[in-house]
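Subject: Structure handover

Hello,

Here is the structure for you to take over. My notes on what was found in it follow below.

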Amino acid sequence: MNNPYGYINGRVRMMRVALVDARAMDDVTNTLNYQEFLRQISETPLREDLGEATAQGAGLGQLDEALSRNYLKSISHLRSIATGQPAREIEALLLRYDLQNVKTLVRGVQTGRSADDIVAGLIPAGTLPWSALQGAAQSADVASLAQTLSVAGGKIGQILRAAVSGGASSLLDLEVALDQGYYRAVLSGVRGTNVRRYFTREIDVRNLLIARQLRGAAPNVRYFIPGGRDVSEADFLRIAGGDNSVSAPDLGAVLEAPDLGSSEAIARRLLDEASRNVAMADALGPGVALDYLRRKEQEIARMRLIGRAKFYGLSKDELQRELEGA
């Protein structure tokens, strides 16, 4: 019997060709103003979904809608070409966006941001219906947010509700509970050795970032995420206590960076590299789709940042700093 990923990955590789390439991204980055940005982006594969974004008087709202439309179309297309076990594995990969969106909702509701501001930070991907996310953004508190999301369905909403019911209330407690539940779900949903190895690397990186964040307070093992490979529970407690040594040499850069923001940027580069590696090694598995999803996410995130930079007239250096953190 033929491996279904032979067909699926062929289609995903065609989708990858339609991503904005490095040269076109540079051209968009180097535009002088917002109007030139719109003209340049109209020459990329995103042009079919720009709609009213390029109309006279249009602003960032129309640009966000256009980018979201393109993102949603790409995710829908990816879902449409997989059936059976591959479909279940791709759904597991899409849980990443549920996780990010629920974290955005929790932060927004906890800090009292408006529903419009919260929705602007959401990613139009994942398994949770967009209408449910928009409705959840209007929640008065995290308890009602958890209730709304759990009714909407989806594993991450259920994880949030369980965390709130269990007494989690601080942002760190809630985010780590979401991470722990997410990685349990995704590791139970994917079978391929290569893609599972990617997620063990991601868990290691997340544990290092949490350990850095905990420094200065009493190390607590309840913030540790099980399932990694190179960072044990004992390592986590030691690093949270101030030790920078780690068994995997390339992970050391995450701990040696001067601040948490720099650590997060290094972590993203490490995971980008791991994603590319798994795509090459996993020709008949979900690694190709995993790599595509990361690339698409970065494409849309960078376009949003560049668009805002051009709209508000940020300098080239200011934009570069924003892109380095993306």
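To begin with a single residue, Ser76 is partly exposed, with a relative accessible area of 44%. Ser76 sits in helix 4, which covers residues 60–80. Its C-alpha atom is 25 Å from that of Ile306, and the two residues are 230 apart in sequence. Please keep in mind that this is a predicted model.

The chain as a whole

The protein chain has 16 helices and zero strands. Its radius of gyration is 20 Å, close to the 20 Å that the globule rule gives for 326 residues, so the chain is as compact as a globular protein of that length. The C-alpha trace spans about 55 × 55 × 40 Å along the principal axes.

Of the 326 residues, 52% count as buried. Among contacts with a separation of 6 or more, 65% are between residues 24 or more positions apart. The accessible surface is about 15100 Å², and carbon and sulfur atoms account for 50% of that. On charge, there are 39 positive and 39 negative side chains, and the centres of the two sets are 4 Å apart.

Helix 14 and what it packs against

Helix 14 runs over residues 260–281, which makes 22 residues. At 1.5 Å a residue this helix should span 32 Å, and its end C-alpha atoms are 31 Å apart, which agrees. The buried residues of helix 14 are Ser263, Ala265, Ile266, Ala267, Leu270, Leu271, Asp272, Ala274, Ser275, Val278 and Ala279. Those buried residues pack against helix 1 (4–17), helix 11 (193–214), helix 13 (252–256), helix 15 (287–312) and helix 16 (316–324).

Leu260 also belongs to helix 14. With 29% relative accessibility, Leu260 counts as partly exposed, since the class runs from 20% to 50%. Setting aside residues up to four places away in sequence, Leu260 touches Leu209, Arg212 and Gln213. Ala234 is 26 residues from Leu260 in sequence, and their C-alpha atoms are 21 Å apart.

Helix 15, one of the helices that helix 14 packs against, was checked in the same way. For its 26 residues, 1.5 Å a residue gives an expected span of 38 Å, and the end C-alpha atoms are 38 Å apart, which agrees. Gly313 follows helix 15 and has a positive phi, near 70 degrees.

Helix 11 and the loop before it

Ile203 is in helix 11. Its relative accessibility is 0%, so Ile203 counts as buried, the cut-off being under 20%. Apart from neighbours within four places in sequence, Ile203 is in contact with Tyr183, Leu187, Ile225, Pro226, Gly227 and Gly228. The C-alpha atoms of Ile203 and Ser247 are separated by 15 Å, with their positions 44 residues apart along the chain.

Arg191 lies in the loop between helix 10 (171–189) and helix 11. Is Arg191 buried or exposed? Its relative accessible area is 62%, so Arg191 is exposed, the threshold being over 50%. Not counting residues up to four places away in sequence, Arg191 touches Gln85, Glu89 and Arg196. One of these, Gln85, is 106 residues from Arg191 in sequence, while the C-alpha to C-alpha distance is 9.3 Å.

A residue in helix 3

Gln40 is found in helix 3, residues 34–41. At a relative accessible area of 14%, Gln40 is buried. Its contacts, leaving out residues up to four places away in sequence, are Asp27, Val28 and Thr31.

Regards

Note on methods. Residues numbered from 1 in each chain as written. Predicted model: local features only at pLDDT ≥ 70, side-chain atom pairs only at ≥ 80, totals over all residues. Heavy atoms only, no water. Helix = DSSP H or I, 4+ residues; strand = E, 2+ residues; numbered from the N terminus. Rg over C-alpha atoms; globule rule 2.2 N^0.38 Å. Buried < 20%, exposed > 50% of the residue type's maximum accessible area, 1.4 Å probe, protein only. Contact = heavy atoms within 4.5 Å. Areas by Shrake-Rupley, 256 points an atom, 1.4 Å probe, with all protein chains shown as cover. Lys, Arg positive; Asp, Glu negative; His and termini not counted. Charge placed at Lys NZ, Arg CZ, Asp CG, Glu CD. Expected span 1.5 Å × (residues − 1).
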